[in-house]
Amino acid sequence: MKYVLLLSFCFLFLQVKAQNSDASNEPHTVKKSVLATYYHRKFEGRRTSSGAKYRAKKLTAAHRTLPFGTMITVTNPDNGKSVKVKVNDRGPFSRKLAIDLSESAAKEIGIYSKGVAKVKLSYTLE
């Protein structure tokens, strides 16, 4: 009888553990409101932290912690415009700012003339 109880307990434990591991494999979407800025023209052609050259016409961004290659949807809440950018650099290194956009990404959502603007970020972590 002891062995039957022990065996059933082990089976139950393994089944619960398997169910929990399946749930954690689902992608997790994160949404945040943050302050954003954009790269200055002087960085054109310079190497980013990922090794790629910065190009103002590409839709790229710098983020302090997200992995390189993460696609982020950046939305300007003032006009509703959004753009998808790819993280390929580290920064900004000011605690107030969360993301640096390329020049074309900033122009596309209408924050280029502002310098710093509040935006909404949406990305998926796997």
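1. Burial first. Of the 126 residues in the chain, 33% are buried. Keep in mind while reading that this is a predicted model. As for the outside, the chain exposes about 8600 Å², and carbon and sulfur atoms supply 57% of that area.

2. Next, the parts list. You'll find two helices and six strands in the chain. Walking from the N terminus, the elements come in the order α-β-β-β-β-β-α-β.

3. How do the strands fit together? The six of them close into a barrel, and going around it you meet E1-E5-E2-E4-E3-E6. Pairing in this barrel is mixed. From one strand to the next, the twist averages 40°.

4. One pairing to look up in the viewer is E1 with E5. Strand E1 covers residues 28-38 and strand E5 covers residues 99-101. The two run in the parallel sense, with three bridges between them. If you want a spot to zoom in on, try Ala36, which stands opposite Ile99 in E5.

5. Contacts across the sequence deserve a word too. Take the contacts between residues at least 6 apart in sequence: 71% of them join residues at least 24 apart. The next two points each pick out a residue with a partner far along the chain, Ser122 for Lys31 and Tyr38 for Ala106.

6. Lys31 sits in strand E1. Is this residue buried or exposed? Its relative accessibility is 69%, and exposed means over 50%, so Lys31 counts as exposed. Even so, Lys31 has contacts beyond its sequence neighbours: setting aside those within four places, it is in contact with Leu121 and Ser122. Ser122 is 91 residues away in sequence, yet the C-alpha atoms of Lys31 and Ser122 are 4.5 Å apart.

7. Now for Ala106, found in helix H2, which spans residues 103-109. The cut-off for buried is under 20%, and Ala106 has 0% relative accessibility, so Ala106 counts as buried. What does Ala106 touch, once residues up to four places away in sequence are left out? The list is Tyr38, Leu101, Ile111 and Tyr112. Tyr38 lies 68 residues from Ala106 along the chain, with 6.3 Å between their C-alpha atoms.

8. A last look at where those partners belong. Residue ranges put Tyr38 in strand E1 and Leu101 in strand E5, and Ala106 of helix H2 touches both of these residues. That makes Ala106 a handy place to begin when you view helix H2 beside the E1 and E5 pair.

Notes. Residues numbered from 1 in each chain as written. Predicted model: local features only at pLDDT ≥ 70, side-chain atom pairs only at ≥ 80, totals over all residues. Heavy atoms only, no water. Helix = DSSP H or I, 4+ residues; strand = E, 2+ residues; numbered from the N terminus. Buried < 20%, exposed > 50% of the residue type's maximum accessible area, 1.4 Å probe, protein only. Contact = heavy atoms within 4.5 Å. Areas by Shrake-Rupley, 256 points an atom, 1.4 Å probe, with all protein chains shown as cover. Pairing = 2+ DSSP bridges. Axes fitted to C-alpha atoms, helices over the stretch in contact; angles between N-to-C directions.
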